[in-house]
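Subject: A structure for you to look at

Hello,

Here is the structure I promised to pass on to you. Please open it next to this email and follow along as you read.

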Number of protein chains: 2
Amino acid sequence: MSTSTAYQNLCARHQRLHRLNHLQAIAGWDQSANMPPKGNEARSLALAEMGGLLHELATDPQLAGLLDAAEAEPLGEEERANLREMRRAWREANALPQALVEAKSLANSRCEHAWRSQRPANDWPGHLQNLREVVRLAREEAALLSESSGLSRYDALLDRYEPGMRSSEVDRVFGDLRQWLPGLIRAVQDKQSRETVIEPVGPFPQAAQRALGLAAMKLLGFDFEAGRLDESAHPFCGGVPEDVRLTTRYREDSFLPSLMGTIHETGHGRYEQGLRRDWLGQPIANARSMGLHESQSLSFEMQLGSHPAFARLLSPLVVQHLGDQPAFEPVNLQRLVTRVAPGFIRVDADEVTYPAHVILRYEIERPLIEGEIECEDIPALWDAKMQELLGLDTRGNYQDGCMQDVHWSAGLFGYFPCYTLGAMYAAQFFAAMRREMPDLDARIAAGELHLVFDWLRERIWTQGSRWTTPELVQRASGEALNPAHFKAHLQARYLG
Amino acid sequence: MSTSTAYQNLCARHQRLHRLNHLQAIAGWDQSANMPPKGNEARSLALAEMGGLLHELATDPQLAGLLDAAEAEPLGEEERANLREMRRAWREANALPQALVEAKSLANSRCEHAWRSQRPANDWPGHLQNLREVVRLAREEAALLSESSGLSRYDALLDRYEPGMRSSEVDRVFGDLRQWLPGLIRAVQDKQSRETVIEPVGPFPQAAQRALGLAAMKLLGFDFEAGRLDESAHPFCGGVPEDVRLTTRYREDSFLPSLMGTIHETGHGRYEQGLRRDWLGQPIANARSMGLHESQSLSFEMQLGSHPAFARLLSPLVVQHLGDQPAFEPVNLQRLVTRVAPGFIRVDADEVTYPAHVILRYEIERPLIEGEIECEDIPALWDAKMQELLGLDTRGNYQDGCMQDVHWSAGLFGYFPCYTLGAMYAAQFFAAMRREMPDLDARIAAGELHLVFDWLRERIWTQGSRWTTPELVQRASGEALNPAHFKAHLQARYLG
C-alpha cells in the first residue's frame, strides 16, 4: 500500500496525536503524584496550551475530506474498525463550537470551585445557582452531540463514555436490578448480623502498606518494567499503555482501603498494559470504554480480590508485611472486604449497595438532560430514591446527598452508569469463564490466577476498540449484557 | 501598547514555546527519575515528536519579518534586551539545515553508543573512526554558526553556552591559570600530607542520607513548595523554574558524594527558582549561561559548602541524621571535602585540580574545531598536557584519558570552559561580597547565609538574560572576569 493513501495519512496524524498525548498524560500524572504547589499555575497553563494544540490537530479542516476518501479505499477489517474510531474521535472533536467549549469550561470550573466550600456548608441554594448554568450548557452540548450522532440527547452523552450503549439498554438492566436489589441488601445484612468479624489492630506504617501493595500487584501480574505505583490524594490509573502510573493513598489506621484500592487500579493498569502493541498509536488500540475499564478494575478488586479463595493467597502477604494477627486469617480477611451496610456516600459503598447509588443518579441525570425535570427537583427525587433503594433518610442533608459527587458540578453527565455496567460486565465475564473452566474457583484457590488473566487478555485487553461495547461483550461472553449474572454473583457470594 | 505590535506577537510565540517546553522538561526529568525501562521507546518518540514541533515553531518563516519589524518599534530597555535574546534564539534555530541536524544526531548517537563499550575496552582506534565523523560535522556546524554570527568557528560554538564569551578571553584567563596552578597543586599536596584526616565509618542508609540532603537543601534556602529532590543515575537539575527537579544518587558506603552533589544541584536550583517571575515565558527570563549556572552550583558547593564556617553549620545535621562519630567534627568534615589529589578523572577531581582537566580539554578542542589539529593528534596532546599540568602519565590509558568524557562523543564542543569559568565567576562574586561585607565570613559562621543568597538573587538570579555574560559579571562584581580572585580563593582556603 502506498504511503499516500488517505487512510495512511490519517494513521500518521493519529500517531502524532498519540505521541503528544503521551506528554500530556505524564505531565498530568506528575501534577497529581509529584508536583509541589507552586508548580500548579505553570503546569495548568502548559497542559492547556497543549490541549489547545491537540484540539487544533483533531479539528484540522483537511480531516473531513481524508475520512471520506479513506472510506472509499480498499481496507481490511481492522483498518475499517480503526477508521470508524477515527471518525468517532473527529466527530466528537468537531461537534462543539469553541465558544461552547469555553463557556462549559468556565461554568464547570466556577461550579466545582464553589462546590468545594458549599458542600461542607450544606449550601444547596448556593450550589443550585451555579448548577443551573452547568446543566443549561450540558443540555446545549447534548443537543449538538445528538445532532451530529443521531442519538437522543442523553444517549449522545453516554456514548462518549460507553460507545454503542443506549439508555434503553441501561433502563432494561437497571430496571431489573432495582427490583431485587433492596431485598437482597436486607437479606445480606440480616445474614451478616449473625457473623463475627475481627477488626485489624493498627497502626499500619505507610512503608509496610506500600510493600504490601507492591506484593499484591506482583501477585496480580502487573508489569513493573512498564509501570509504577505512587501516591496521590485521589487514587487513579494514569500514564500511557507503555508506562502505566497507578496511584494510591495511605491511612496508617487502616490498610484495607489502600490495599483494595491498589488491587482495583491494578485491574485498570493491566487492561492498559495488555492493549495490542502493534496497534498502539491508533484509535483501535485504545481501551474500549469507561464501563469496560471499570469491569477490569472490578474483576480485580471484586470478582478476584474479594473472592474467598483469593483471601487465602492474600493473607500470607498481609502477615508478611503487617505482622500476624487474628484479623488476617483468610476467612476473616474476606469478611472484612465484603461487609455490607447502606450508607450515604457512593465512594464508600460496598459491592452490594453501590449499584443503588448509581441507579439513583442515572434516574435523575437522564430526565435532567432530556429536560423532563429541573435542578430544583433533584433533592426531593434524591430523598425518595434513597429511601426506596437503601432505606436512608437524606432530607435536608445535601452534603451527604445530592451534593456529594464532583461529577455534576464538573458537567460530567452520562458517566455514572459506567460504574455499575462495569460491575455487571465483570460478573458476566467471570460467569463465562466458569462455564468454560468449571474448576475455576478451585484453580484460583491453587493460585492459578493466570487463567483469569489469559481469558481477559484474549477477550478484552487485546481487543482494544476493535468492536463497539455491546459487540465486545457479546463476543467475550457469548451473550448480550445480562444482569442475571451480577445477581447470581451477589447471591452466591453474600447469601451462599 | 496595542496587542498587534510585532514585538507582542513575538512575546506570545515565546510564551507558547515556554509552555510547551514545560512538558518536555517534566517528561525529560521523569525519564531519568521515574520511568521504567519499557517506557523508554514511547517516551523517546514523544519527546522527539515534540522536539520537531518546537523546532517548527522556532523556525516559522514569519519570524524573520517580525524580528525586523520589532526592531523598528519603540521599546523599553528590557524589551530591547528581550528582543536581542529572541533574535539569538531564532538565529541558532535557523543556522543549521535540517539535513545537518539529522546527520549530527545520527553520528553523535552512533559514536556515543559505541563509546559505552569502547571506553571500558580501551579501544581508541575503534572510537577514533566514529569520532572523525562527529568532528567533521561539528566543524561544519561551527562554520555555519560562524557565518550567521560573524564569530570565529570555536567562538560560535562557545557562544551558545556562554553568550558574549570569546576564546581570546578564555585564553587570557586560562593562560594565567595554567602558570600558577601546577605549583599551587604541589604546595597544597605538601601541606595536606602533614594533616590528619579521620575517615567516616559507614554504612550510611539511603533514607538517612536522603533526610540529610533535604536538611542541607533547607539550610540553603531551597523552596520545597516549588521543587523536589529525587534520584537518578546521573544527578542533574531539571524541571522548570516554577518547579525545579533536583536529583542525586546514593552509595551506602559513602555519604559525601551525595551530600555535596545535592548542595551543588541546590545552587543550580536556587538560580532557577530565583529567576524573575514577571519575565517568565520570555527569553530575557532565562538563566544567562552555562558558566553562570555553574558559578551558582559552585557558589553553593565550593565557596559556601566547603567553607570552614559552613562545616560548623553542616556538622550538626550530619550527626543528627547519620549518628555521631569523630569524622563529623567540623574541622575534619571540612578537611574531608577539601582533599586535593591529582587524578585521571575530571568528574572525580577536587576544586584545585579540576581546572587543569578543563584547560587541557579546551587546549585540545579549540584547535580541533579550528582545523589546526586532527583527531589522531588527541592522545599525544592529552599525555603531554596531563604530565605538564598534573604530573600524571596517561600514555596508552585511553579509557582514563581522552576517552573518559561523553562530551566529544556527543558532539558537545565549546562546553568544557564553562566549568572553570563558573568556578572563577563564583570566586569573583564572593570576593565582591567580601569587599561589600567585610565581616561576611564571620556572619556565615553565625548562620546568616541569607546575606549570600540576597546578593546572588539581586546580582545574578533576577538578572536572567538581561545582559551578555561579560556585562553581567562586570555589573555584579564591579570588574571583568579576573582569575586573580580564583587564585586568591584557592590560596586562602588551601594554603592559608
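In chain B, strands β2 and β3 form a hairpin, with 2 residues between them. Please keep in mind that this is a predicted model. The two strands of the hairpin, β2(B) (residues 237-240) and β3(B), run antiparallel and are joined by 4 bridges. You can find some of the pairs yourself: V240(B) has D243(B) in β3(B) as its bridge partner, and G239(B) is matched with V244(B) in β3(B).

Now look at the other neighbour of β3(B). β1(B) pairs with β3(B) in the parallel sense, over 5 bridges. Here G227(B) is the residue that stands opposite V244(B).

Put together, these 3 strands of chain B make an open sheet in the order β1-β3-β2, with mixed pairing. Which strands stand at the edges? They are β1 and β2 of chain B, and each has a single partner strand, so one side of each is left without a neighbour in the sheet. From one strand to the next, the twist averages 25 degrees.

Is β3(B) buried or exposed? A residue counts as buried here if 20 or more other C-beta atoms lie within 10 Å of its own. In β3(B) (residues 243-248), 6 of the 6 residues are buried, so the strand is largely enclosed by the rest of the structure. Both of its faces are covered: one side carries D243(B), R245(B) and T247(B), while V244(B), L246(B) and T248(B) are on the other. A helix belongs in this picture too: α1(B) lies across β1, β2 and β3 of chain B and runs at about 140 degrees to β2(B).

That helix comes up again where the two chains touch. The contact takes 27 residues from chain A and 28 residues from chain B. On the chain B side, α1 (6-33), α2 (40-58) and β1 (227-231) each supply at least two residues. The largest share of that side comes from α1(B), with 8 residues. Sorted by class, the side of chain B that touches chain A has 14 nonpolar, 10 charged and 4 polar residues.

Over in chain A, have a look at R366(A), which lies in helix α14 (residues 354-370). R366(A) counts as buried because it has 24 C-beta neighbours inside 10 Å. Leaving aside residues up to four places away in sequence, R366(A) touches Y154(A) and S167(A). If you would like to try out the distance tool, the C-alpha atoms of R366(A) and L184(A) are separated by 26 Å, and these residues are 182 apart along the chain.

Finally, a few backbone details to look up. A cis peptide bond joins G202(A) and P203(A), with omega at about 0 degrees. P203(A) sits in the loop between α8 (167-192) and α9 (206-219) of chain A. In chain B, a cis peptide bond joins G202(B) and P203(B), again with omega at about 0 degrees, and P203(B) is in the loop between α8 (167-192) and α9 (206-219) of chain B.

Where is N122(A) found? Look in the loop between α5 (98-118) and α6 (124-149) of chain A. N122(A) is not a glycine, although its phi is positive, at about 55 degrees. With 15 other C-beta atoms within 10 Å, N122(A) is partly exposed. For N122(B), phi is near 55 degrees, and N122(B) lies in the loop between α5 (98-118) and α6 (124-149) of chain B.

Enjoy exploring, and do write back with questions.

Best wishes

Notes: Residues numbered from 1 in each chain as written. Chains lettered and ligands numbered in written order. Predicted model: local features only at pLDDT ≥ 70, side-chain atom pairs only at ≥ 80, totals over all residues. Contact = placed C-beta atoms within 7 Å. Nonpolar A, V, L, I, M, F, W, Y, C, P; charged D, E, K, R; others polar. Buried ≥ 20, exposed ≤ 12 C-beta atoms within 10 Å, placed from the backbone. Pairing = 2+ DSSP bridges. Axes fitted to C-alpha atoms, helices over the stretch in contact; angles between N-to-C directions.
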